[in-house]
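Biologist: Can you walk me through this model? Short answers are fine.

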Amino acid sequence: MQLFKETRIILQSSMSSLASGSPEEIERSWSACVLYCVSKLSTGEKAKTDGGITLRQILRAFELKIVDFFKEMPQFCIKVGFILTGLYGSDWEKRLELQEMQADIVHLCSLGRYYKRAYEELFLSNDGKPADNSSEPNAQQASEHYRFGWLLFLSLRIQTNSRAKNLLTSTTELVSVLAVLIIHIPVRLRNFSIQDSSCFAKKSDKGVKLIASLCERYLTSEDELRKALEKTNTLIMDILKKKPCSDATELQQGNLSFIDPEGLTFFKKFLEEDSLKSSLQTLEKEYENALNTKGELDERMFANDEDSLLGSGSLSGGAIKLPGTKRKYDVMTSPTKSTTSRAPMSPPRFCPSPTGNSFCNSKIAPSTPVSTAMTTAKWLRCTISPLPSRPSGELLRFFSACDKDVTDDITCRAAIILGAIFTGSSFGERMCTSVRNTNGMDAIWTEQRKMEALKLYYRVLESMCRAESQILSGSNLTSLLSNERFHRCMIACSAELVLATHKTVTMMFPAVLEKTGITAFDLSKVIESFVRHEDTLPRELKRHLNSLEERLLESLAWEKGSSMYNSLIVARPALSAEINRLSLLAEPMPSLDAIVVHHDISLGGLPPLPFQKQERLQDKDEVRSPKRACTERRNVLVDISFRSPVKDTIKSKSLPPLQSAFASPTRPNPAAAGETCAETGIGVFLSKIAKLAAIRIKGLCEKMNLSQQTVERVYSLVQQIINHQTALFFNRHIDQIILCSIYGVAKISKLALTFKEIIFSYRKQPHCKPQVFRSVYVHWPSRSRSGKIGADHLDIITFYNEVFIPTVKPLLVDLGPCTSPNKNSEEKSASDAPFPESPRLARFPTLPDMSPKKVSATRNVYVSPLRTSKMDTLLSPSSKSYYACVGESTQAFQSPSKDLKAINTRLNSGKKVNGKLNFDVDVFDDLVVARSLSNQNGSSAAPVAVLGTKTPVKCEQTDS
């Protein structure tokens, strides 16, 4: 094959950095990636109809797990991306649909566990497997019912094949299957009793209102569940050829006893033994036919615990685990502000059962990806959906108070941008099959999501306008409300929250940036304000926005085409040559007219766009003309140095209005005398980078048991790189700089620490990404020591030797083995410093006790330190004997083992307290440090002394 031949050289040269394992295993993984690309990119639409090679067949042929395949595919695409572009065109990545398939697999894993848990609560079960003891027919039959329910769900997914696949719709369909099982599985196989169970809380004079009770239990929308149940009944009638029972007498007996039949369709003897077998065979045959024509994976394995293909690793960047491992949340919060929800999203509570059965015995449901999504969706359904789809009266007054009434501009813009995001093409074409009513259902779904995003946008915009008017002591917000980029960021943020709530398979971040024409750096300006001005935002959505901000800071804002470079080239003209050499500047923001044409958006009765031409020219003049700005302000900007994170936060305790964040980079900032808006914006951005680096440095160094002095020196080096060698971050990941800095400091400090040990510890971090140390971007200049020219990707060790050391050598020398960031400044004169104009280095920030703090990358384990506010309560005379604090015994001269025994004895013999631990309340995350930095550690340390040392060069083997 041509692709394999052309990539063979890359495989041989990159063998050590591609994967862990033997050369045979690495080559097998590489061959699987090649074959998948060929099968997906060469056949195109033909594969869908002729049954081309599927991922399922590739994985079995090369003996690979799904997890391993999706871990190696991103690295493969980075290495051979230019070859794929030459062979298959520039859109090869979109056609591969890797991200969509990975998200769909993660959702199916969650749904499989969700279904298994729900089934075992409702019915007798044997884990979906035949009973070992054939003398127990109930267990065998329950296993068949379990298989039937999952097959019915998969058939429903196929029949309602939608472009806009999402976790919420799938969960609602799964709950409709549970409703069918409840009224059709024989009563003897139930794990509950309808008349005695208080779990079915919704009742009428005719009995339990099943649909309403299931909606309350599983947090689904009653209207959506009724629609899903109708589709499920239609499928049963069409495929299984069953006829609904219309006899009112039969409906009041048997399975429907004590159940209100309104809204339910009953099929007589539908899941009795003989009928069940024939129905299973029919569904199996239907699914096999669908699998042979258009199925990439056999989705039956997600409910059958078939781990031969699934594996047991992370498939979603550390956020969700596949079967065999526990799920862990992405709990990173904003580097600039910690947030706690006023209404924490606790899992739904279930009622105690008088009969003690498992269906109602649990007081609190385990929090899962599905239950979390359903809880968040309830907020969207109950808080946002009832709002009007037009600006409120107060918001209209802000619009009209501008120099020119901007109401028409804002409403028209919102319609266009949301129309571009929520359009049929946004959700891909691979789901388009000849299924009736699919396009109509998709149109309804996208319109509903668009309205939710619009209402959320107006709600938060009103809150922001109210806050800005208080800061400015006036209602005229022309500069903010007429700013095109600001509104697009707000709309993008609103749409992203709606899409994240529904957990769509196709429109995942950062797709919303491309649709709106903004960049990651633009969006980072509104995330904190968005969270601060929406008090009801659920905790999970705050976490989502915070994790997005972390992604923006660590890599996305540094990518080519980021608008950050358009501001940086104004604030730091010395970097203009490197920025232009790498062609990093962002393109002009596309006009609304262009978006309308590109996405074929119908404006309907919306007003024309009188502002569009003016806005486009203004944006182009202000953002894309850094050279003119640099000439005009060279006396101010030449060799400017950025402040330390501490000084930055001290100065920005009262944040400037949003106007300055979105103003022209060359415009003076009224809130910061002598600074342009570009300088202020870049200063805030780099201070966030420093804070994020501080958190990650401390976490990684603690894993390796490095001293506090080493931690401070690593932080000082990274901070110096941020201030004086900013170009080292261009097109790279912040972790790549941190890893190299740790090793450089270890070598200069003569520590016995290898790169292998650093990478081993980094692998255990929650934010670890293998491509960080496997593939580092390099763009060789025309005259490079290696003799190479152009873009390239190196492993972390080669990057350290070839790029990092030559760049930061003066900074490493400055961190001599006997110096410390805490040393008195009088020991060193200013003339000795390599950067006389640079600010003094700040000490490593004092991090607060975070509760709970994640201490494992593979397990959902947290450690929570004792808070000072609770110390007095715990150590009061009445309760002191019940507790033992670290370092303090309950009795004098008593061993720890006796302490624990005494505590257990007291607790077991005393009065029992009915309560539970709720870890969902006031959970502070790792990046909560950002907020505390503005209140702690206000002093700066003296500059370090300079001692000549030998430049460290890495010579050991690459660790993969």
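Modeller: Here are the ground rules, then the overall make-up, then some local spots.
Modeller: This is a predicted model, where local features need pLDDT of at least 70, side-chain atom pairs count only at pLDDT 80 or more, and totals for chains, interfaces and linings use all residues. Residues are numbered from 1 along each chain as its sequence is written, and side-chain values use heavy atoms, with hydrogens and water left out.

Biologist: How many helices and strands are in the chain?
Modeller: The chain has 43 helices and six strands. Helices (H or I, at least four residues) and strands (E, at least two) are DSSP runs, numbered from the N terminus.

Biologist: What percentage of the residues in the chain is buried?
Modeller: Of the 960 residues, 55% are buried. Buried means under 20% relative accessible area, exposed over 50%, and partly exposed in between, with a 1.4 Å probe and protein chains only.

Biologist: And contacts between residues at least 6 apart in sequence: what percentage join residues at least 24 apart?
Modeller: The figure is 77%. Contact means heavy atoms within 4.5 Å.

Biologist: Switching to cysteines. How many disulfides does the structure hold?
Modeller: Zero. A disulfide is a pair of cysteine sulfur atoms within 2.5 Å.

Biologist: Which cysteine sulfur is nearest to that of Cys465?
Modeller: That of Cys402, at 7.9 Å, and Cys465 is in no disulfide. Cys465 is buried, at 0% relative accessible area. Cys768 is buried too, at 17%.

Biologist: Helix packing next. At what angle do H22 and H26 pack?
Modeller: About 120 degrees, with the axes 10 Å apart. H22 covers residues 484–502 and H26 covers 539–554. Axes are lines fitted to C-alpha atoms, for helices over the stretch in contact, and angles run from 0 to 180 degrees between N-to-C directions.

Biologist: What does that angle make them to each other, oblique or roughly parallel?
Modeller: H22 and H26 are therefore oblique. Angles under 35 degrees count as roughly parallel, over 145 as roughly antiparallel, 65 to 115 as roughly perpendicular and the rest as oblique.

Biologist: Which residues make the contact?
Modeller: From H22, Cys493, Glu496, Leu497, Ala500 and Thr501. From H26, Leu541, His544, Leu545 and Leu548.

Biologist: What about H8 and H17, at what angle do they cross?
Modeller: Roughly 95 degrees, and the axes come within 8 Å. H8 (residues 98–122) is therefore roughly perpendicular to H17 (residues 369–384). Ser110, Leu111, Arg113 and Tyr114 of H8 meet Pro369, Val370 and Ser371 of H17.

Biologist: Next, H11. Is that helix mostly covered or mostly open?
Modeller: Mostly covered. H11 spans residues 210–218, and eight of its nine residues are buried. Among them are Leu210, Ile211, Cys215, Arg217 and Tyr218. Leu219 follows H11 and has a positive phi, near 60 degrees.

Biologist: Where is Lys40?
Modeller: In helix H3, residues 23–43. Lys40 counts as buried, at 18% relative accessibility.

Biologist: Which residues is Lys40 in contact with, leaving aside neighbours within four places in sequence?
Modeller: Arg95, Leu96, Glu97 and Glu296. The side chains of Lys40 and Glu97 share a polar contact of 3.4 Å. A polar contact is a pair of N or O atoms within 3.5 Å; within protein, one must be able to donate a hydrogen and the other to accept it, and residues adjacent in sequence count only if both atoms are side-chain atoms. Lys40 and Thr54 are 14 residues apart in sequence and 8.7 Å apart in space, C-alpha to C-alpha.

Biologist: On to backbone details. Which residues does the cis peptide bond by Pro510 join?
Modeller: Phe509 and Pro510, with omega about 10 degrees. Pro510 sits in the loop between H22 and helix H23 (511–516).

Biologist: What is the phi of Phe258?
Modeller: Positive, about 65 degrees, although Phe258 is not a glycine. Phe258 lies in the loop between helix H13 (248–251) and helix H14 (273–294). Phe266 is in the loop between H13 and H14 as well. Phe266 counts as buried, at 12% relative accessibility.

Biologist: And Ser583, what is its phi?
Modeller: About 55 degrees, positive, and Ser583 is not a glycine. Ser583 is in the loop between helix H28 (576–581) and helix H29 (592–599). At 43% relative accessibility, Ser583 counts as partly exposed.
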